[in-house]
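Subject: Structure for you to look at

Hello,

Here is the structure I said I would pass on. Please open it first, then read my notes beside it.

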Amino acid sequence: MLTLRKAEDRGHTNLGWLNSYHTFSFGGYHDPKHMGFRALRVLNDDRVAAGKGFGAHGHRDMEILSYVIDGGLAHKDSMGEQHILGPNEVQAMSAGSGVIHSEFNASATAPTHFLQIWIIPAVEDLKPSYQQFAYPSAEKRGALRLIAGPDKSSDPAAAFINQDARMYAAVLGAGDSIDYAIRPGRHAWVQVATGAIDVNGVTMKEGDGLAVSEESALRLRGANGGESELLLFDLA
């Protein structure tokens, strides 16, 4: 079963410095029909104005992933971590028993575009942790590149998360395709970050999401004249 979540149907917050679209209920946007999908709880498409950002605030018991599409994020937290995150990098923060952090656009002149992702952890009250890795952009061109998952030793440049969930990224040119097998009992969510793709005959544009259940395989295909970027979540 394939259920399309159209970009134009998402929640929307515009604060001037922040233009954010919410795939699932978040902040002032609440829709009981869209409270998440499996362990995937938040998927925000955020554009942050130059020099602006999210001031220090707290979280707990959530696996928080940031995926930069364009620009850079300046991260600072109560664990002493202070970094700049850009495209083709992995950032994962396990809020656990509690963490305070801030995320600001690292540029004083250009906007930043990123996806903010929250995954509900399998265990609560863990010790907070932070991970950041870079990987070659070629590894996601025409292929699904593991970004985060539950296997600590599977890939030195993928983040560990405390949940039976895996997040992949891919960039597809027009006509490029990837086949992905879904194990019995598993589910998937596909999110188009840029461009347009076709998934098992369903055409998706930038900002669209697709809930996948009771399917054995996906064929992901680039569907426009340029490159398209997507995230795929494999979920229990």
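**R47 and its partners**

R47 is partly exposed, at 30% relative accessibility. Please keep in mind throughout that this is a predicted model. R47 forms a salt bridge with E206, and the closest N and O atoms of the two are 3.1 Å apart. Because R47 sits in strand 4 (residues 40–48) and E206 in the loop between strand 19 (202–205) and strand 20 (209–212), the bridge ties together parts that are 159 residues apart in sequence. E206 is partly exposed as well, with a relative accessible area of 33%. R47 also has a backbone partner, since N19 stands opposite R47 in strand 4.

**Other salt bridges**

As background, side chains of opposite charge can pair when their charged atoms come close. How many salt bridges are there by this rule? The count comes to 16.

One of them joins R145 and E139, with 2.8 Å between the closest N and O atoms. Is R145 buried or exposed? R145 is buried, with a relative accessible area of 5%, while its partner E139 is partly exposed at 36%.

Another salt bridge joins R166 and D151, where the closest N and O atoms are 2.8 Å apart. This pair links distant parts of the chain: R166 is in strand 15 (residues 165–172), D151 is in the loop between strand 13 (145–149) and strand 14 (159–160), and the two are 15 residues apart. R166 counts as buried because its relative accessibility is 16%, under the 20% cut-off. D151 has 36% relative accessibility and counts as partly exposed. Both residues belong to a network of salt bridges that links D151, D164, R166, R186 and D234.

**Strands 2, 3 and 4**

As background again, strands of a sheet pair through backbone hydrogen bonds, either parallel or antiparallel. Strand 2 (residues 11–14) and strand 3 run antiparallel and are joined by four bridges. In one of the pairings, G11 has H22 in strand 3 as its bridge partner. The two strands form a hairpin with three residues between them, and G16 in the turn has a positive phi of about 90°. Strand 3 is also joined to strand 4 by five bridges, and these two strands run antiparallel.

In a regular strand the side chains alternate between the two faces of the sheet. Which residues of strand 3 (residues 18–22) point to one face and are buried? They are L18, S20 and H22, whereas N19 and Y21 point to the other face and are not buried.

**An open sheet**

Four strands form an open sheet in the order 5-10-7-8, with antiparallel pairing. Strand 5 and strand 8 are the edge strands, each pairing on one side only. Neighbouring strands of this sheet are turned by 20° against each other on average, direction ignored. Within the sheet, strand 7 (residues 73–77) pairs with strand 8 over four bridges in the antiparallel sense, and L73 stands opposite L85 in strand 8.

**Aromatic pairs**

The structure holds six aromatic pairs. One of them is W17 with F54, an edge-to-face pair with 5.4 Å centre to centre and 75° between the planes. W17 lies in the loop between strand 2 and strand 3, and F54 lies in strand 5, so far as sequence goes 37 residues apart. W17 is partly exposed, at 25% relative accessibility.

The rings of F26 and W118 form an edge-to-face pair too, because their planes are at 75°; their centres are 5.4 Å apart. F26 lies in the loop between strand 3 and strand 4 and W118 in strand 11 (residues 112–119), so this pair ties together parts that are 92 residues apart in sequence. F26 is partly exposed at 24%, and W118 is buried at 14%. Ring pairs also link W17, F54 and F114 into a cluster.

**Two loop residues with positive phi**

D61 is not a glycine, yet its phi is positive, near 50°. D61 lies in the loop between strand 5 (53–59) and strand 6 (63–70) and is buried, at 16% relative accessibility. N88 is not a glycine either, and has a positive phi of about 60°. N88 is found in the loop between strand 8 (82–85) and strand 9 (89–94), and at 21% relative accessibility it counts as partly exposed.

Regards

Conventions
Residues are numbered from 1 along each chain as its sequence is written. This is a predicted model: local features need pLDDT of at least 70, side-chain atom pairs count only at pLDDT 80 or more; totals for chains, interfaces and linings use all residues. Side-chain values use heavy atoms; hydrogens and water are left out. Buried means under 20% relative accessible area, exposed over 50%, partly exposed in between (1.4 Å probe, protein chains only). A salt bridge is a side-chain nitrogen of Lys or Arg within 4 Å of a carboxyl oxygen of Asp or Glu. Two strands pair if DSSP finds at least two bridges between them. Axes are lines fitted to C-alpha atoms, for helices over the stretch in contact, and angles run from 0 to 180 degrees between N-to-C directions. Rings of Phe, Tyr and Trp (its six-membered ring) pair if their centres lie within 6.5 Å; planes under 30 degrees apart count as stacked, over 60 as edge-to-face and the rest as tilted.
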